[in-house]
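Here is a short briefing on a ligand site, a pocket and some backbone details. Please look at the structure, then read on.

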Amino acid sequence: MAQKYSRRKFIGTSTKGILGLAAASSFLTLQSSCKEKRNKNFSKAIIIGTGFGGAVAALRLGQAGIDTIVLEKGLSWESSNGEKPFTKQFPPDKRSTWLRDETVLPLPPHSAISQYTGVLEMTEFGNMNVYTGAGVGGGSLVYGGMTVKPTQNHFEQVFPSEIDFTQMDAMYYPRVKAMLDAQTIPLDLEETEYFEYSRVFKELADAVNLNTRKIDIAYNWDIIRQERDGIIEKSALAGDLIYGNNSGAKNSLDKNYLREAQNTGFIEIRTLHKVVSIIRNEQNKQYEVDIDIIDTKGATVEKKKLYCEYLFMGAGSLGTTHLLSKAKAEGTLSQLNSFLGKNWGTNGNTMFMRENLGLFNNTGTIQANPPIRALEHFDNPITPILIENAPYPIGAVVPIDCFCHLHLALGLEDTRGEFTYNNETGQLQLDWPNSGNDLIIQAAQHTVSILDQADPIQETLSTVLSPTGFTKNFTYHPLGGACINQVTDQYGRVENYDNLYVIDSALMPGSSAVANPSWTIAALAERCMEHILLNDFR
Ligand code: FAE
C-alpha cells in the first residue's frame, strides 16, 4: 500500500517549481476535506484515462493532496511475479491487441488471436483507421518513445497565440523531458549492428544534403546495453516495440508519472473500468461517471457509478471526444458548445517503405527498436515534413537482411475531420475525406524523389504497404475533437461546465506541428494542470 505523501515531501517537490504556493497552502485543507468526503463512490477528482494527459493530471493532483480515482479501461502491464508481461512481436499472442480475432498492424503479417484486452487498439472509421494504446500508460505502452518538440515557427502556426512557445520551451517541455528521461541514443549503442539501418539511412540522406538528426527517445539506454551484453533477454533489440517492451527499457508512463502519482498516496488507479457515460448533476454540481467493469474478454461483469467534484478527461482524442459527444447527444452535458467533434486531424501521418532490390546497402539482419533518427525536411516546398526511420524487424522471424527502410512521415496537413455521435449505434462517426492525407503524401513523394537522386538503383519505393507506396488511411496520431480555445479555454476548462477539463490529445488542434505528439500533449497538460491547481482548487 502506498504511503501518503508527507507535507515535507510535497513542499520539497513544489519548490522544484512544479506547483505554486497557492496550491501548497491549500494542501492541509484539501487533505482533511478529502478524508471526510471519501467514500466508496465519491472522490474529489476523477480522471478518465492514463495516457499522457491523464498521467500528468494524476501526478499533479496527487502532489496537491487531492483524492483522485483514475479510471482505465485496459489492464495494468506491470509485472508482479517476474513474468514478462507483454507478448513478443513475433509471433504475437492475444496480449497484442484490444478485443479482436486478428492482429491489426497497418503492415503484414497478421495473426489469428483470441479476444483479449490487449495493448494495441484499432478503431475503424470507413476510410481512416486510428491506432491507440490501451492499458495503464495509454499510448506510451505501444509508442516508439520518440520525444520530439516542434520548432517555434511550426508551433505558432498550429496553436492559439495565447499558448506562448517561449514559456512552453522554458518550463513545460523540460519538465516532461526530465520525467520521461528522454535522451538520444549513445554512440556505443548507435554503432552496433542493431542500428545499421539507421546509419545507412543517414548516409543516403547525407548524400543529397538532407538533414537527419538523432531524436530524444524515452528509453533507458542502460537496459538496452544489458540486452546487448546478454545480461538480460533481448526485447527492444529483438524487435519488440508496438506490443510493449519486456526488458523494461521503454520509459512508459507507468514507470514515471503514474508510479510517482501513486506514491503520493492520493491516487487510486482502477483498471478494466470503462467509462460509458458522464452526467452533470445541476443541483449539487457534481459529476456522475457511469462505468462498465469489464473482464479480459471485454464482457461487462458489473456496472458502477462514481461521483466527483472535478472531472478530467484523459481518454485520448477518440475516447474523450466520444464520451463528451455522447453526453451532449443524450442531454447529460447539453451545454457543450458547437466546436465539439471538430478540428480533428491525423498529424499528417503516412507510412512507406523503401527497398533496395539491388542489395547494395545492408540494413542489418535485426533492425532494433526503438527508432532513433528522423529526417527533417522543413523546407519541403509542398509542406514541412518529418520522416522517421522506424525499424522493420522482420529479421527477428527470418534472419535475413530485408535491405529495406520503413518510414513514418508526419507534417503540416491542413485537412480536418469532424466527429458526430450516432444515437443508434452509440458510436462516433468520422467525416474524413479519402484525399485527407494527400498533401503530406505529395510532400513525402517530393522528399523521396530527392533521396532517389543519391543513386536511383539503391532504394526504391516498395508497394508492400499500398499500391502507391504511401498509406493514406491510418494514423498513430489522432489529435483533436475537443480543441483548446474552442471546446475549452486555453487551460483545458470546458466551456459552460465548471470543474470539467480536457487534458489529453483531444485538446490538440488536429496537429502537433511537425512533431510526434506525446511531448506536446504532456507539456500542454502540465501547463493546464499548473493553472487549474492554482486557480480552481480553493
Ligand atoms: P492515450 O495515450 O491514448 O491514453 C488514453 C487512455 O484512455 C488509454 O489508456 C485508453 O485505454 C483509456 N480510455 C479510453 N477510453 C476510455 C474509457 N471510456 N474509459 C476508461 N479509459 C478509457 O491518450 N507519440 C510520440 O510522441 N512518439 C512516438 O514515438 C509515438 N509512437 C506511437 C506508436 C504507436 C503505435 C501509436 C499508436 C502511437 C504513437 N504515438 C507516439 C502517439 C502517442 O502514443 C499518442 O499521441 C498519445 O499516447 C496520446 O495521449 P493521450 O493522453 O491523449
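Residue classes come first: Ala, Val, Leu, Ile, Met, Phe, Trp, Tyr, Cys and Pro count as nonpolar, Asp, Glu, Lys and Arg as charged, and the others, Gly among them, as polar. The model is predicted: local features need pLDDT of at least 70, side-chain atom pairs count only at pLDDT 80 or more, and totals for chains, interfaces and linings use all residues. Residues are numbered from 1 along each chain as its sequence is written, and side-chain values use heavy atoms, with hydrogens and water left out.

**Second largest pocket**

- A pocket is an open set of points on a 1 Å grid over the protein atoms alone, where a 1.4 Å probe fits, with protein on both sides within 12 Å along at least five of seven lines.
- The second largest pocket has a volume (the space filled by probe spheres set on the points) of about 250 Å³.
- Its lining (residues with an atom within 4 Å of a point) comprises 19 residues.
- W77, S79, P85, G248 and K255 lie nearest the centre of this pocket.
- The lining holds eight polar, seven charged and four nonpolar residues.
- This pocket lies between domain 1 (7-77 + 253-344 + 479-535) and domain 2 (182-250 + 349-411 + 438-471), because both give residues to its lining.
- The domain bounds come from an automatic or database domain assignment.

**Ligand site**

- The ligand has 36 residues around it (a heavy atom within 4 Å).
- E72, G139, M146, S505 and S518 come nearest.
- Polar contacts here are pairs of N or O atoms within 3.5 Å.
- A polar side-chain atom of S518 lies 2.5 Å from a ligand oxygen atom.
- For M146, a backbone N or O atom lies 2.8 Å from a ligand nitrogen atom.
- For G145, a backbone N or O atom is 3.3 Å from a ligand oxygen atom.
- The protein buries 95% of the 1000 Å² that the ligand exposes when taken alone (Shrake-Rupley method, 1.4 Å probe).
- α4 (52-63), β4 (128-133), β9 (273-280), α11 (316-329) and α13 (518-535) each give two or more residues to the shell.
- These elements are DSSP runs, numbered from the N terminus: helices (H or I) of at least four residues and strands (E) of at least two.
- β9 gives the most, with three residues.
- By class, the shell has 17 polar, 15 nonpolar and four charged residues.

**Backbone details**

- F90 and P91 are joined by a cis peptide bond, with omega about -10°.
- P91 sits in the loop between β2 (68-71) and β3 (120-125).
- N369 and P370 are joined by a cis peptide bond, with omega about 0°.
- The loop between β12 (350-355) and β13 (373-377) holds P370.
- K285, a residue other than glycine, has a positive phi near 65°.
- K285 lies in the loop between β9 and β10 (287-294).

Conventions. Polar contact = N/O pair within 3.5 Å; in protein donor to acceptor, adjacent residues only side chain to side chain.
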